[in-house]
Amino acid sequence: MADKRQRARVQGAWAGSSNTAGSSFQVNRRSSENVAGAHRPPKEQAAPDRRFVYQNPTEVQRKIPEERIIDKEGFYEISSSSTGVSRLHLKPAFVDLKEADWMFEQLHMEIPWQQKSNIREDRSYQEPRLTAWYGDLPYTYSRSAMKANPHWHPLLTMLKDHIEEVTGYTFNSLLCNLYRNGKDSIDWHSDDEPSLGRKPVIASLSFGETRNFEMRKKPPPEEKGDYTYAERIRIPLNHGCLLVMEGETQKDWQHRVPKEYHDRNPRINLTFRTIYPETRWN
Ligand SMILES: O=C(O)CCC(=O)C(=O)O
């Protein structure tokens, strides 16, 4: 009981004014010297009167931009930089759906599809889709070349002529892609090889299964290659639709067709381009 009273007196002293606190400090110090025989700082002191004031963070909170979905016919200026505008032209049902059905079947059966071996970080890997190349010049991407092949399939020539008529652009080459199922894909890249010239125009015609064509804007140098806050676009490319990428799109944006984790039927994609002899730009 006496012990309890003693403790209450000490606690009361700590809770009191600064004078009382001072005297408690004296008591405390003496006792600690007695026990340890050395000078030690006091264990506790009267807490200064602290107020916590909310301050707005000085760093601006950055938001990850919402993905933009483009699925309607039209021209879209997706960005503008000091060198010019990046522009898309989407034409769903560019090929009538019934026509697109037999075209898909014919292309699936008659194009000499092959699996390409690419090189990344000095390692060879099989591209997860099948491809075929048409054009008078070879085409190199991912450090592996596709041989020149001037023997165009008549259906491909007909489609090229029709696209040239509608878009006003001309093309001399074609990369055909076959995505056999949802596991086939193409990773982030730009079609910016020197052989494609300074502002490549790519006309991309799709048949078969709808797959997402995703785009992300290249970050400014201060982001050091981090795409966290990059603007993003998704374009579901469906049977018979045409997408034209123009202007600075290949300089300022990347694109990909990601894997899908559900069953997907085959999809064929034809990307018409213009290839120049390499020396013209080097
Ligand atoms: O399949 C597609 O829609 C895009 C193909 C592509 O990006 C490419 O072959 O460079």
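**A walk from a buried asparagine to the pocket and cores**

Asn 118 is buried, because its relative accessible area is 1%, under the 20% cut-off. This is a predicted model. Asn 118 belongs to strand 4. Its side chain makes a polar contact with the side chain of Glu 127, at 2.7 Å. Beyond four places in sequence, Asn 118 touches Glu 127 along with Arg 123, Ser 124, Tyr 125, Tyr 141, Ser 142 and Ser 144.

Strand 4 (114-120) also leads to the largest pocket, as one of the strands that supply at least two residues of its lining. Strand 5 (123-135), strand 6 (139-141), strand 8 (173-179) and strand 9 (186-189) each do so too. So do strand 10 (202-208), strand 14 (253-257) and strand 15 (267-273). The volume of this pocket is about 580 Å³. Its lining counts 34 residues. Nearest the centre lie Arg 129, Ile 186, Asp 187, Trp 188 and His 189. The lining holds 14 nonpolar, 10 polar and 10 charged residues.

Now turn to the largest nonpolar core. It has 29 residues. Leu 156, Leu 159, Cys 176, Leu 205, Phe 207, Leu 270 and Phe 272 have the most contacts inside it. Helix 3 (97-110), helix 4 (154-167) and strand 13 (242-247) each supply at least two of its residues, as do strand 5, strand 8, strand 10 and strand 15.

Take Cys 176 as an example. Leaving aside neighbours within four places in sequence, Cys 176 is in contact with Ile 111, Trp 113, Leu 130, Thr 131, Ala 132, Tyr 134, Leu 156, Asn 269 and Leu 270. Another core lies apart from the largest one. This other core has 18 residues, including Leu 90, Ile 202, Ile 235 and Cys 241.

Key. Residues are numbered from 1 along each chain as its sequence is written. This is a predicted model: local features need pLDDT of at least 70, side-chain atom pairs count only at pLDDT 80 or more; totals for chains, interfaces and linings use all residues. Side-chain values use heavy atoms; hydrogens and water are left out. On a 1 Å grid over the protein atoms alone, a cavity is a set of points where a 1.4 Å probe fits but cannot get out, and a pocket is an open set with protein on both sides within 12 Å along at least five of seven lines; lining residues have an atom within 4 Å of a point. Grid points are joined across faces, edges and corners, and a volume is the space filled by probe spheres set on the points. Helices (H or I, at least four residues) and strands (E, at least two) are DSSP runs, numbered from the N terminus. Ala, Val, Leu, Ile, Met, Phe, Trp, Tyr, Cys and Pro count as nonpolar, Asp, Glu, Lys and Arg as charged, and the others, Gly among them, as polar. Buried means under 20% relative accessible area, exposed over 50%, partly exposed in between (1.4 Å probe, protein chains only). A polar contact is a pair of N or O atoms within 3.5 Å; within protein, one must be able to donate a hydrogen and the other to accept it, and residues adjacent in sequence count only if both atoms are side-chain atoms. Contact means heavy atoms within 4.5 Å. A nonpolar core is a set of buried Ala, Val, Leu, Ile, Met, Phe, Trp, Tyr and Cys residues joined through side-chain atoms within 4.5 Å.
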